[in-house]
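Subject: Structure handover

Hi,

Here is the structure I promised to pass on. Please open it first, then read my notes underneath.

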Amino acid sequence: MAVPRNALKKWEKVRAFALGLPDAVEEFPWGESVAKVNKKVFVFLGVQDGGYPLGVTVKLKDETAHAHALACPGAEPAGYGLGKAGWVYVPLEQQGAPAAEVLCDWVEESYRVIAPKRLIVVLDGH
């Protein structure tokens, strides 16, 4: 099953943004792409082979961002109990899916929740 081009372009932008954050690395546990900082996942990027719908999962502590993310078409609290900790799965292939810029804002928030303070200082340029 082919991945819609628009969704793939968003995914590629989000992945590049996530991996551009201080000390971010990509790993492939469970056969899916994740971005980690300090050995902790801050965004689940899923798979891009068309085996599953393309989407991202981020941890959002900000109530407004969390509510906005959950209001996106097809979005839902993340599985495996992660939803209780603020993780939200946002599909990218649905009509009305968020723009790459919004997704990158959420990835940055998720990074800020997970990353150590010393890296937040680097991110903020202080």
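Below are notes on one helix, its neighbour and the cysteines.

Keep in mind that this is a predicted model.

Helix 3 first. Helix 3 covers residues 100-114. Its 15 residues reach 21 Å from first C-alpha to last. That is close to the 21 Å expected at 1.5 Å a residue.

Much of the interest is in what helix 3 hides. The buried residues there are A100, L103, C104, W106, V107, E109, S110, Y111 and I114.

Next, the packing against helix 4, residues 117-124. The two axes come within 8 Å and cross at roughly 145°. On the helix 3 side, E108, Y111 and R112 make the contact. Helix 4 contributes L119, I120, L123 and D124. By class, that contact has four nonpolar and three charged residues, and no polar ones. Y111 is thus on two lists: it is buried in helix 3, and it takes part in the contact with helix 4.

Now the cysteines. How many disulfides does a search of the whole structure find? Zero. C72 is in no disulfide, and the nearest cysteine sulfur to it belongs to C104, 14 Å away. The pair cannot bond because 14 Å between the sulfurs of C104 and C72 is too far; the cut-off for a disulfide is 2.5 Å.

Are C72 and C104 buried or exposed? C72 counts as buried because its relative accessibility is 9%. C104 is buried too, with a relative accessible area of 12%. The cut-off for buried is under 20%.

Best wishes

Notes:
Residues numbered from 1 in each chain as written. Predicted model: local features only at pLDDT ≥ 70, side-chain atom pairs only at ≥ 80, totals over all residues. Heavy atoms only, no water. Axes fitted to C-alpha atoms, helices over the stretch in contact; angles between N-to-C directions. Helix = DSSP H or I, 4+ residues; strand = E, 2+ residues; numbered from the N terminus. Contact = heavy atoms within 4.5 Å. Nonpolar A, V, L, I, M, F, W, Y, C, P; charged D, E, K, R; others polar. Expected span 1.5 Å × (residues − 1). Buried < 20%, exposed > 50% of the residue type's maximum accessible area, 1.4 Å probe, protein only.
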